[in-house]
Amino acid sequence: MGLSGCTSALKPANANSIFDRLEIKGKIGLYTFGWDENKPEEFRKVYADDIVFKTWTPGKKKLRGEVKGIQANIDRNNVMIGGLLKRGGACRHNLSEVVFLDLTKSTAKTKTVYTFSLFPKIGVNPIIISGTFNDNWIKSEKGWFIKDREVIYDNLPAALAKR
């Protein structure tokens, strides 16, 4: 269930916290599906409308980018992945188990380790990126949503470092 590292894991589990964990884990899966299958509209089911998405260089030494709002994130995905797929490329996420750092009735903090592979074209060596997703979640009457996400790269391949 991904209970490791969660401060609430030491407390007796209740049915609500188990369902909350399952929903959050499912939303992270939906996020990767949205990216990998170029269905960025799925992000509306994952991100809060006012999501703040930040990317950091390795070691969190320099902020690489910040995107605010769900539509800006959808537009960014359309540019990045849509163009890749039009050229015959693909992308794939591989994720670790979601670690819950904190979970309350209305907020959560999670950390997920990822490997992201970009295949510019079939037969061309992929660009491999790894790092962590550090997510802060909020719960509304519609369910759990990522309020802000920090992506911290472990590596920054030359193809991305130029951007």
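**Notebook: rings, an arginine and three strands**

I started at Arg149, whose charged end sits over the ring of Tyr31, 4.3 Å from the ring centre. I keep in mind that this is a predicted model. Next I looked for another ring under the same side chain, and I found Phe133: Arg149 lies over its face too, at 4.0 Å from the ring centre.

**Entry: the company these rings keep.** Which residues make up the aromatic cluster that holds Tyr31 and Phe133? I listed Tyr31, Phe43, Tyr47, Phe53, Tyr114 and Phe133 as one cluster. Then I counted ring pairs and arrived at seven aromatic pairs.

One of them is Trp35 with Phe116, an edge-to-face pair with 5.6 Å between the centres and 80° between the planes. I checked where the two partners sit: Trp35 belongs to helix H1 and Phe116 to strand E5 (residues 107-119), so this pair ties together parts that are 81 residues apart in sequence. Are the two rings buried or exposed? Trp35 has 4% relative accessibility, so I noted it as buried. Phe116 has 10%, so it also went down as buried.

I then turned to Tyr47 and Phe53, which form an edge-to-face pair as well, at 6.4 Å centre to centre with 75° between the planes. Both Tyr47 and Phe53 are buried.

**Entry: the strands.** I followed E5 to its neighbour and found it joined to strand E6 (residues 127-140) by 12 bridges, the two running antiparallel. Across that pairing, Lys111 stands opposite Asn134 of E6.

How many bridges link E6 to strand E7 (residues 143-153)? I read off 10, again in the antiparallel sense. The connection from E6 to E7 is a hairpin of two residues.

I was glad to meet Arg149 again here: it lies in E7 and is the bridge partner of Asp135. So my notes on Arg149 now hold a strand partner, Asp135, as well as the rings of Tyr31 and Phe133.

**Entry: back to helix H1, on the outside.** Having met H1 through Trp35, I looked for something on the surface. Ile18, Phe19 and Leu22 form a nonpolar patch there, with about 280 Å² of accessible area together. Leu22 is found in helix H1 (residues 15-36). Its relative accessibility is 43%, so I wrote it down as partly exposed. That leaves two notes for H1: Trp35 is buried, whereas Leu22 is partly exposed.

Terms used:
Residues are numbered from 1 along each chain as its sequence is written. This is a predicted model: local features need pLDDT of at least 70, side-chain atom pairs count only at pLDDT 80 or more; totals for chains, interfaces and linings use all residues. Side-chain values use heavy atoms; hydrogens and water are left out. Patches are made of residues with over 30% relative accessible area and no salt bridge: like charges are joined within 9 Å, nonpolar side chains (Val, Leu, Ile, Met, Phe, Trp, Tyr) within 5 Å. Accessible areas come from the Shrake-Rupley method with a 1.4 Å probe; for residues, only the protein chains shown count as cover. A salt bridge is a side-chain nitrogen of Lys or Arg within 4 Å of a carboxyl oxygen of Asp or Glu. Helices (H or I, at least four residues) and strands (E, at least two) are DSSP runs, numbered from the N terminus. Buried means under 20% relative accessible area, exposed over 50%, partly exposed in between (1.4 Å probe, protein chains only). Rings of Phe, Tyr and Trp (its six-membered ring) pair if their centres lie within 6.5 Å; planes under 30 degrees apart count as stacked, over 60 as edge-to-face and the rest as tilted. A charge sits over a ring if NZ of Lys or CZ of Arg is within 6 Å of the ring centre and within 35 degrees of the ring normal. Two strands pair if DSSP finds at least two bridges between them.
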